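Visitor: Hello! I am new to this structure and would love a close look at one small part of it, followed by a walk through its surroundings.

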Amino acid sequence: MKTLSIRFGERIRELRKERALSQEGFADMCGFDRTYISGIERGVRNPSLSAIEALAIALNVTVAELFNGL
């Protein structure tokens, strides 16, 4: 079974790709470094609540929608 961090990262990657955003472009929208986004998407970084909120805003979804299906 995949960890929550990996499933969350896969969800972020899915939403980012649906919007045709590169990791670099998405990172800029969030105010993060590209390597931080990469770490989130690979499940090796655990974003804080404020980082999760920034991800949701950049993806134009609610925080709850980020966790749909996890």
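Visitor: Could you start with N60: is N60 buried or exposed, and why?

Guide: Happy to help, and please keep in mind that this is a predicted model. N60 counts as exposed because its relative accessible area is 69%, and the cut-off for that word is over 50%. You will find N60 in the loop between α4 and α5, the latter covering residues 63–66. The backbone is worth a glance too: the phi angle of N60 is near 60 degrees, which is a positive value in a residue other than glycine.

A similar story can be told about A20. This residue sits in the loop that joins α1 to α2. Its phi is also positive, near 55 degrees, and A20 is not a glycine either. With a relative accessible area of 71%, A20 is exposed. For a glycine with a positive phi, look just after α3, where G43 has a value near 80 degrees.

Now let us step back to the helix that comes before the loop of N60. Helix α4 spans residues 49–59, and L49 belongs to it. L49 is a leucine on the outside: its relative accessible area is 74%, so it is exposed. Between L49 and V63 there are 14 positions in sequence, while their C-alpha atoms lie 9.4 Å apart in space.

Other parts of α4 face a different setting. The largest nonpolar core of the protein holds 17 residues, and those with the most contacts inside it are F8, I12, F26, I40, L55, L59 and L66. Two or more residues of this core come from each of α1, α2, α3 and α4. Helix α4 gives the largest share, with 6 residues.

F26 is a good place to see how these pieces meet. Leaving aside residues up to four places away in sequence, F26 touches I12, R16, L21, I37, L55, A58 and L59. One of these partners, R16, lies in helix α1. R16 carries a charged side chain, yet it is buried, because its relative accessible area is 6%, under the 20% limit. Beyond its sequence neighbours, R16 touches L21, S22, Q23, F26, E41 and L59.

E41 leads us on to helix α3, residues 34–42, where the buried residues are Y36, I37, S38, G39, I40 and E41. The cover over these buried residues includes α1 (4–18), α2 (23–30) and α4.

Finally, here is the whole protein around N60. There are 5 helices and 0 strands, and from the N terminus the order reads α-α-α-α-α. The C-alpha atoms fill a box of roughly 30 × 25 × 25 Å along the principal axes. A compact globule of 70 residues would have a radius of gyration near 11 Å, and the protein agrees, since its own value is 11 Å. Buried residues make up 37% of the 70 residues. Among contacts with a separation of 6 or more, 53% join residues 24 or more positions apart. On the outside, the protein exposes about 4,200 Å², and carbon and sulfur atoms supply 52% of that area. As for charge, there are 10 positive and 9 negative side chains, and the centres of the two sets are 7 Å apart.

Note on methods. Residues are numbered from 1 along each chain as its sequence is written. Side-chain values use heavy atoms; hydrogens and water are left out. Helices (H or I, at least four residues) and strands (E, at least two) are DSSP runs, numbered from the N terminus. Buried means under 20% relative accessible area, exposed over 50%, partly exposed in between (1.4 Å probe, protein chains only). The radius of gyration is taken over C-alpha atoms; the globule rule is 2.2 Å times the number of residues to the power 0.38. Contact means heavy atoms within 4.5 Å. Accessible areas come from the Shrake-Rupley method with a 1.4 Å probe; for residues, only the protein chains shown count as cover. Lys and Arg count as positive and Asp and Glu as negative; His and the chain ends are not counted. The place of a charge is taken as NZ of Lys, CZ of Arg, CG of Asp or CD of Glu. A nonpolar core is a set of buried Ala, Val, Leu, Ile, Met, Phe, Trp, Tyr and Cys residues joined through side-chain atoms within 4.5 Å.
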